Structure formats: C-alpha cells, structure tokens
Amino acid sequence: PVLIAAGKGLIDPCPFWDTNGKAYLVHAFAGSRAGFKSIIVIKEMNAAGDSIICNAVLVYDGHKKDPTIEGPKLYKRNNYYYIFAPAGGVSTGWQLALRSKNIYGPYERKVVMSRGGTTVNGPHQGAWVNTQTGEDWFLHFQDKDAYGRVVLLEPMVWKNDWPVIGIDKDGDGEGEPVLEFKKPAVGKSYTIEAPQTSDEFNATSLGLQWQWQANPQTGWGFPTADGFFRLYCGKQADSLQNYWMLPNLLTQKLPAENFEVVAKINFAPANINDRAGLMIFGMNYAFVSVIKKQDGIYVSYNTCFAADKNTAEEEQILKQWNTNEIYLSVAVKKGAVCSFSYSKDGSSFEKIPREFIAKPGKWVGAKIGLFCTGTTKTNDAGSADIDWIHFNKL
C-alpha cells in the first residue's frame, strides 16, 4: 500500500480517472476525529494515483440540507461529473446524487432514493454497477440494528441525466427500495444460494463464515483430523472487566431474522473457572456455558449490559453437570429476541426462562460466538472440542 493523504478523520476515499487522463480523489470527513463533517472534497492526484498534487477543494457542503454526507463515489456520464453520496445518518438517511460539468462544481443536488413507503430504513451508502448487458443497478446497505448492515440491490435508470434508484411510483425522480425484482441479466442463470453458516469442522481450516474478534494468535484454536475444532482455555487478560474486549471469541454474523443455532461441545477443563460457551455478542451480550468449579462442572447463564462501558456480568448458575458433553443452543426471533437452552442428548432441551434482546456492537451487528476461557496461568490449558454447529430455520 501507498500512503497518498494523511490526516485525522479523512474517510471514504474514492479514486477517479477522467477521460482527459487526469486523476482525482473524492472523500468526506468523520466529525469524531476531524472535528467537522458533512462536507465533500476533491483532490487532484498524479496519473499513477500514488500522490496528491493539488490542495483539497470543497465541492459540497451538506449542513443545510444533507447533514452527515459521506461515502462519496465519483463517476462521469454524458459530460457530467456525478458524486453519489449518502446523507442523513446511517439508519435514517437517503441517497443523494450531485452533478456538474466541472469536476470542482458547482454541483446540482437531487435525492434519488429514500425510504418512501417501504420498511427499508436509511437506504444509501452504495455504488452504481453497470452489467455486461448494459443494465444499471445500485448496491447499497440497510442498517438493521442487531442484524447488522445488510446489502440490497436496486434497479437503476437514467432520466434527464439523473439516476433514479429503485421504483419511482409518483414519477418525481426519487425512487424507493424494492424487496423483490427481476434479477440482473448477466448472460447466465444462477441458483439462489445463501452464505455458509453451519459447520461440521471437518476441514483443515475454518470456513469463510468465521471471524475472530481480534487478530488470531497461535493457541486460540486448531482444526483437527478427527472432525472437530478445539478451543483452548487461555487465561484472559487481568485487565478485562467482562468479555467486551475478549480477543479469542470465534464469531459469525446473524444470518436471518429468525433462526436457531445448536452447537455440540465436549468440555475438558483443567483448572478452576475454565469455561466454554455459546454467546450472542454485542454492546449487550448473553451466553450459556459450562464452567468448572471446585466441586464439579456447572451450567451457567451470563448477561452483560453496556459491556463497552466495562459493566460487570450477571451470572446465574443453573445446575451441576455430570458429563463433559453438552449441546448449547440459542433461538433468535424477529426483533433479535434470543432464548438460550442446553441439552444432554441434543434432542430434549432445557430452556433458560429469560429472554435476551440482542444489541449491535460498534458499527457492526450482533454476532454469534463460541469461546473457551480460563483465569489461571498454566503450562497446559483446558479445552473445548466443538464437534459441530448447526443453523436451523425456525
């Protein structure tokens, strides 16, 4: 990578090479770091795009009509320069298009997509896509709170040299999102597929659906030839007040509004307070786990609210457990309402009679997590073997 521009709060850069050979960079500013926001600037780059050769020019100020304008994309069509940019905030905003026949403006303004009468809040922050068959489409996101930011695809047409995104029911040039539409014509048919969720852990590497909470370290976990993934009860840092900053949390995004997760775990603790569990993680989190106490293994249910503020967990010890094998489950229903349960045989589950409402993390949705932790420094940690995890429809 090459550093071409430095400064606090410079965000959302988009490079652009003009038909005359000149190159430009458009970007916005994050108020939390820059100290100001809601403006778009353009800088000229060298042709290679590896250095800035002119000062930034303010091309649009959104304070009056388009607060928190950011995420700009720069295009050229029919001798117009276009800046596609979201405004109005992540969950409440709209999609803006700006156009000018001069790269530095002045730019005309038009709202080209908003929520309208749909359930799609804050539809914006995306990019124009032109297919090999000449169709125009627009990719953008919707912020769904605990469910994270989901990607939507909208049809797009051009009218009077303005883009219209989604469906324009009243013909005013401002579209609204569609929930169903004919797929893009790309010269081939594709079956509908969903990203991978369930895992038998039979491969020698983790699937792409998994992500560690921090850069992975040797010893957090290993795939095995026996068809399970082994997590080790590494000693958590003394500085941790709760699991908000726990690095060795193995997670996935929530895949749907309604679903159930079941994980089969074989727990092999070595020290007091070794623990393994299944979590719904965010700024509020909850988990069901097995933990080794002085007189045996117990099942517990833990919750933490405002975890990012270092608040303490609340623990409820449920019952003593007389085997190392356990099935842990969580059902998630619309509204991110979560119900945890556990089982000895994987068919008869004991439900924990407390519902938990999942909340997002910072800039991300809630996550499903598997973890194994300890509180003792040792030369031979306990472990938990994750035999499989299954995601089921409700």
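## The lining of the largest pocket

Strand β11 gives the largest share of the lining of the largest pocket, namely four residues. Keep in mind as you look around that this is a predicted model. Along the chain, β11 covers 149–159, and β17 covers 249–253; each of these strands supplies at least two residues of that lining.

What kinds of residues make up the lining? There are 16 nonpolar ones, nine polar ones and five charged ones.

## Space and centre

The largest pocket holds about 970 Å³ of space. It has 30 lining residues, and the ones closest to its centre are Tyr147, Val150, Leu254, Pro255 and Ala256. So if you want to find the pocket in the viewer, try picking out those five residues: Tyr147, Val150, Leu254, Pro255 and Ala256.

## A four-stranded sheet

Now for a sheet. Four strands line up in the order β1-β2-β3-β4 to make an open sheet, and their pairing is antiparallel. Why do β1 and β4 each have one side without a neighbour in the sheet? β1 (10–17) and β4 (57–61) stand at the edges with a single partner strand each, so one side of each is left open in that sense, with no neighbour in the sheet. Going from one strand to the next, the twist averages 25°.

## Where β3 meets β4

Take a look at one pair in that sheet. Strand β3, made of residues 39–45, runs antiparallel to β4, and four bridges join the two. For a spot to look at, find isoleucine 42: it stands opposite valine 57, which belongs to β4.

Methods:
Residues numbered from 1 in each chain as written. Predicted model: local features only at pLDDT ≥ 70, side-chain atom pairs only at ≥ 80, totals over all residues. Heavy atoms only, no water. 1 Å grid on protein atoms, 1.4 Å probe; cavity = no way out; pocket = protein on both sides within 12 Å on 5 of 7 lines; lining within 4 Å. Points joined across faces, edges and corners; volume = space filled by probe spheres on them. Nonpolar A, V, L, I, M, F, W, Y, C, P; charged D, E, K, R; others polar. Pairing = 2+ DSSP bridges. Axes fitted to C-alpha atoms, helices over the stretch in contact; angles between N-to-C directions.
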